[in-house]
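Me: I am new to this structure and should like to understand the terms used to describe it. Please explain each description together with the criterion behind it.

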Amino acid sequence: MIPFSSSTTNRKGWQQQLVEGLRSAVELLDYLGLTTFLDSHMEEAAARFPLRVTRYYANLMERGDFDDPLLRQVLPSPRELETADGFTRDPTGDLTARAGPGMLRKYTGRALVIASGGCAINCRYCFRRHFPYQASRVGPGAWKPLLCELTGDDTVSEIILSGGDPLMLSNSRLETLVGELGRIGHLKRLRIHSRLPVVLPDRVDHGLVEILDETRLKCTLVLHVNHPRELTPELGRALEPLAAAGIILLNQSVLLRKVNDAPGIQVDLCEKLFDYNILPYYLHQLDKVEGAAHFLVADARAREIHGIMRQRLPGYLLPRLVREEPGADSKQPL
Ligand code: SF4
């Protein structure tokens, strides 16, 4: 029996909360009492990559603070319209790693499934902000070719559900997909990369926990938390039943200028993650995606921050500082 201490009984369902999310800079800045900062270029940036944020996440932001580190992650910036050397539309080589409909193959033994093209929030620094999801994702009910491909390749032992955000799938669709994957005998592990619980803890409902608890595949949920303020009691309560069901909880974050590029913030984040039963896994150097240059932290500063973290944290709480390089056979340590 999985303990499930949901405090959500009086709240709207997660899908309804998604529908009611904020969709424009005007709406978000108005919500935060910051309309004086509205700039027409924000809408221009949003036309390239739409603003999308849940009200739950907006409520974690400090009202009246235009420099709030959570706001910076989702508010379109005029600086996204600038070009910068070395910043491209496909910084991680995803397009060349496509291996059939809905699948990317980069590393030995693992296959990444683009399970959904959407997210609950759009992070402005996202390395897939230009990814052609419509052409690359497999619609629900059309997983057969992908499953056939996986069935025929016994070198794959781990499936990574990614996107977009794979937890945008409804429980029934997710249950179908996970069920089919579980029937492929040589698969051992299922990894889900998701930011959804962080920006909408109600997504972790009883149905989701059951799906992950019942599959024979060993499950890992890799969350994406960038700032200690994203770790809330609501998220903690949502994750409890997952931890109780034996789901491994890891975190990967991205080092972002003026968001979390200070040793104190990173140390606080790692310690707080552990309080929530989450182990820090990766600290990513920014993928150089077009439109995100203003988030870049210089390599020297990244190493300095990581060095201080190493001094202050026990080894098991120190994430690996890495970057993804197109064509490389693993993440590259900095
Ligand atoms: S949640 Fe992940 S995939 Fe979605 S926009 Fe943010 S970084 Fe990109």
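Me: What makes the place of Lys258 a loop between S6 and H12?

Reply: Helices (H or I, at least four residues) and strands (E, at least two) are DSSP runs, numbered from the N terminus. Lys258 is found between two such runs, S6 and H12. Phi of Lys258 is near 60°, a positive value in a residue other than glycine. The model is a predicted one, in which local features need pLDDT of at least 70 and side-chain atom pairs count only at pLDDT 80 or more, while totals for chains, interfaces and linings use all residues. Residue numbers start from 1 along each chain as its sequence is written.

Me: What is said of the peptide bond from Gly163 to Gly164, and where is Gly164 found?

Reply: That peptide bond is cis, with omega near 15°. Gly164 belongs to the loop between strand S3 (158–162) and helix H8 (171–182).

Me: Which residues surround the ligand?

Reply: The criterion is that the C-beta atom of a residue, placed from the backbone, lies within 6 Å of the molecule. The residues around the ligand are Cys119, Asn122, Cys123, Cys126, Arg128, Gly163, Gly164, Asp165, Arg195 and His224.

Me: How does this shell divide by residue character?

Reply: Ala, Val, Leu, Ile, Met, Phe, Trp, Tyr, Cys and Pro count as nonpolar, Asp, Glu, Lys and Arg as charged, and the others, Gly among them, as polar. On that basis the shell around the ligand has three nonpolar, four polar and three charged residues.

Me: Why is the chain called as compact as a globular protein of its length?

Reply: The radius of gyration is taken over C-alpha atoms, and the globule rule is 2.2 Å times the number of residues to the power 0.38. For 334 residues the rule gives 20 Å, and the chain has 19 Å, which is close, so the chain is as compact as a globular protein of that length. Its secondary structure comes to 13 helices and nine strands. The C-alpha atoms fill a box of roughly 55 × 50 × 45 Å along the principal axes.

Me: What makes S5 and S6 a pair of strands?

Reply: Two strands pair if DSSP finds at least two bridges between them. Strand S5 (residues 218–223) and strand S6 (residues 248–254) are joined by four bridges and run parallel. In S6, Val222 has Leu250 as its bridge partner, and Leu223 stands opposite Asn251.

Me: How is the crossover from S5 to S6 described?

Reply: A crossover is right-handed if, with the strands pointing away from the viewer, the path from the first strand over the helix to the second runs clockwise. The chain passes from S5 through helix H11 (residues 233–244) to S6 in a β-α-β crossover that is right-handed. S6 is in turn joined to strand S7 (residues 279–284) by five bridges, and these strands run parallel. The crossover from S6 to S7 goes through helix H12 (residues 263–275) and is also right-handed.

Me: Which strands are the edges of the sheet?

Reply: The open sheet has nine strands in the order S1-S2-S3-S4-S5-S6-S7-S8-S9, with mixed pairing. Strand S1 (103–104) and strand S9 (332–333) are the edges, as each pairs on one side only. S1 pairs with strand S2 (residues 110–114) in the antiparallel sense over two bridges, whereas strand S4 (residues 189–194) and S5 pair in the parallel sense over six.

Me: How are the domains of the chain assigned?

Reply: Domain bounds come from an automatic or database domain assignment. This assignment gives domain 1 (14–81) and domain 2 (103–333). Their centres, taken over C-alpha atoms, are separated by 23 Å.

Me: How many residues does each domain give to the contact?

Reply: Two residues are in contact if their C-beta atoms, placed from the backbone, lie within 7 Å. The contact takes 22 residues from domain 1 and 22 residues from domain 2.
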